[in-house]
Amino acid sequence: MNGALFEKLSKVLVPVAGKLNNSRYLQVLRDAFMLAFPLTIFGSIAVVIANLPFLDKIMSESSLNMLKDMLGVAPNATMGVMTVFVVFGIGYYLSKSYEVEGIFGGAIALASFLLLTPFVVQIEGKEAVQGVIPLDRLGAKGMFLGMITAFIAGEIYRKVVQKNITIKMPAGVPPAVAKSFAALIPAVVTLTFFLVVNIIVTQMFQTNMHDVIYNVVQAPLVGLGSGIIPTLIAIFVAQILWFFGLHGQIIINSVMDPIWNTLSLENLNAYTQTGEVPHIVSKQFIEIYTVGMGGTGMTLAVIFAILLFMKSKQMKQVAKLGLGPGIFNVNEPIIFGLPIVMNPLVIVPWILAPMIVTLVTYLAMSSGLVPPPNGVAVPWTVPIFINGIMATNSLAGGLLQLVNFLIVLVIWFPFLKFIDRMNLQKEREEEQASAKSAS
């Protein structure tokens with residue numbers, strides 16, 4: 001890479017990425033999604049068990065339906081209401097970041113979200129059922145409203161607390177009681193704000209905030225984020241950030257996770273109801289077919305290429321150290337040991353390989369050769385091939401990863417060979433110097 005261009009990119013990207021990485025809101029959003037992670041894994045396990053491809057061969061139709069009914073409550077109670085956990089998490093972590101009582105921040109954010117949620121189900125051809133919440137309002141369809149509401153609620157709550165507009169109890173009152181009274185006025189102010197918003201929207205405009213945000217914000221963003229071009233741009237930026245030593249995956253995920261997770265929830269809902277998957281790009285598409293192949297940049301193929309075809313002792317030592325972690329998609333040893341960071345010799349395969357593999361994966365799924373990920377959450381540490389099968393509920397999902405693995409290896413090979421020759425020359429010179437000094 002040209003030195004001047006390198007410096008210009010560094011001056012532009014590093015400060016911007018640093019601000020994104022240190023953004024309070026993006027950090028809170030990331031932590032809130034991680035709060036829901038163990039719950040979604042539990043729900044995913046139930047979905048995988050209920051949809052194992054061989055069950056219809058060993059069980060009768062009635063027994064299989066009974067099994068699905070028994071396990072169906074697990075995804076409904078976890079992934080189906082994921083917005084609830086994210087809203088509470090945002091309120092909690094945002095409050096803690098301002099050093100105010102987090103548990104009340106979470107509870108107030110959740111109550112604010114529910115104030116904007118219509119407690120009515122409209123069944124076509126029948127009278128509306130009052131006093132119930134449609135499940136999709138607490139899941140994929142309510143995700144963006146939930147996030148917006150939680151951030152606004154958290155800000156109102158913490159500002160009232162920090163202005164010291166609270167009820168103070170005498171010193172002898174138990175701490176739990178004192179904290180409850182301290183949160184009373186902030187809670188009333190925050191909830192009153194959202195109650196007024198709900199009254200205005202429902203009474204004056206004869207709609208609800210869920211439908212407003214979904215139609216104006218969420219649907220366009222999700223539609224944009226599900227396309228291959230924005231996905232490739234996200235991959236490109238993540239790789240560039242990593243090249244400069246910044247954790248590109250975390251930075252990009254902080255921005256894109258709301259869209260990718262919403263797509264995953266919509267996939268899961270459709271898959272459990274109809275067996276169809278509406279979106280190719282989703283959180284699992286990104287994780288399983290990029291990070292899930294040895295870590296960011298799919299460097300497991302790089303490790304194998306070094307171990308099988310390269311001769312440099314230095315490169316082989318780095319590859320041996322990176323093999324164990326790389327199998328479980330941890331690739332910092334290879335990123336900083338080869339190195340990849342700030343190494344202009346590898347910037348081309350580092351950026352090119354993930355983008356080509358992402359495009360190949362998208363085309364394979366859009367053509368019907370491989371089923372898209374169905375929304376089941378798979379831990380990112382599950383090794384290649386296994387995670388591809390789990391995410392798609394198909395052997396084809398794992399086989400596609402092996403094809404992608406070979407593509408990455410082929411792209412990297414000439415660049416690794418060039419570095420290998422350089423290292424070999426350097427190692428020979430060092431050996432000759434050592435021999436001369438010894439004699």
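Helices in this account are DSSP runs of at least four residues, numbered from the N terminus. Thr 149, to which the text returns below, lies in one of these elements, helix H8. The model is a predicted one, and every value given here is computed from it.

The overall architecture comes first. The chain contains 20 helices and 2 strands. Its C-alpha trace extends over about 90 × 65 × 40 Å along the principal axes. Of the 439 residues, 47% count as buried. Among contacts between residues at least 6 apart in sequence, 72% join residues at least 24 apart.

The chain is divided into two domains, with domain 1 covering 80–226 and domain 2 covering 241–438. Their C-alpha centres are 39 Å apart. Contact between the two involves 12 residues of domain 1 and 12 residues of domain 2.

Within domain 1, helix H8 is a useful place to begin. H8 runs through residues 143–162, a stretch of 20 residues. From its first C-alpha to its last, H8 reaches 28 Å, which is close to the 28 Å expected at 1.5 Å a residue. How many residues of H8 are buried? The number is 15 of the 20, so the helix is largely enclosed by the rest of the structure. Thr 149 illustrates this setting. Because its relative accessibility is 1%, below the 20% limit, Thr 149 counts as buried. Leaving aside neighbours within four places in sequence, Thr 149 is in contact with Ala 109, Ser 112, Phe 113 and Leu 116, and also with Phe 194.

After H8 the chain comes to Asn 164, in the loop between H8 and H9. This residue has a positive phi of about 65 degrees, although it is not a glycine. Is Asn 164 buried or partly exposed? With a relative accessible area of 48%, Asn 164 is partly exposed.

Helices H9 and H10 come next. Two packed helices are described by the angle between their axes and the distance between the axes. For H9 (residues 175–182) and H10 (residues 184–204), the axes come within 4 Å and cross at roughly 35 degrees. The residues that meet are Ser 180, Phe 181 and Ala 182 in H9 and Leu 184, Ile 185 and Pro 186 in H10. By class, this contact has 5 nonpolar residues, 1 polar residue and no charged residues.

Further along the chain is helix H12, residues 228–243, in which Thr 231 is found. Thr 231 has 0% relative accessibility and therefore counts as buried. Which residues does Thr 231 touch, not counting those up to four places away in sequence? They are Gly 225, Val 281, Phe 285, Ile 286 and Thr 358. Thr 231 can also be placed relative to Met 355: the two are 124 residues apart in sequence, and their C-alpha atoms are 9.0 Å apart in space.

The next feature concerns the backbone. The peptide bond from Leu 338 to Pro 339 is cis, with omega near -10 degrees. Pro 339 has its place in the loop between helix H17 (332–337) and H18.

Beyond H18 (347–366), a loop leads to helix H19 (386–392), and Asn 374 lies in this loop. Although Asn 374 is a loop residue, it is buried, with a relative accessible area of 3%. Its side chain reaches the backbone nitrogen of Val 376 at 3.1 Å. Leaving aside neighbours within four places in sequence, Asn 374 is in contact with Asn 267, Leu 268, Tyr 271 and Val 277, as well as with Ala 391, Thr 392 and Asn 393.

The loop between H18 and H19 also holds Phe 385. Phe 385 is not a glycine, yet its phi is positive, at about 80 degrees. What is the relative accessibility of Phe 385? The value is 27%, so Phe 385 counts as partly exposed. Within this loop, then, Asn 374 is buried, whereas Phe 385 is partly exposed.

Methods:
Residues are numbered from 1 along each chain as its sequence is written. This is a predicted model: local features need pLDDT of at least 70, side-chain atom pairs count only at pLDDT 80 or more; totals for chains, interfaces and linings use all residues. Side-chain values use heavy atoms; hydrogens and water are left out. Axes are lines fitted to C-alpha atoms, for helices over the stretch in contact, and angles run from 0 to 180 degrees between N-to-C directions. Contact means heavy atoms within 4.5 Å. Ala, Val, Leu, Ile, Met, Phe, Trp, Tyr, Cys and Pro count as nonpolar, Asp, Glu, Lys and Arg as charged, and the others, Gly among them, as polar. Buried means under 20% relative accessible area, exposed over 50%, partly exposed in between (1.4 Å probe, protein chains only). A polar contact is a pair of N or O atoms within 3.5 Å; within protein, one must be able to donate a hydrogen and the other to accept it, and residues adjacent in sequence count only if both atoms are side-chain atoms. The expected span of a helix is 1.5 Å times one less than its number of residues. Domain bounds come from an automatic or database domain assignment.
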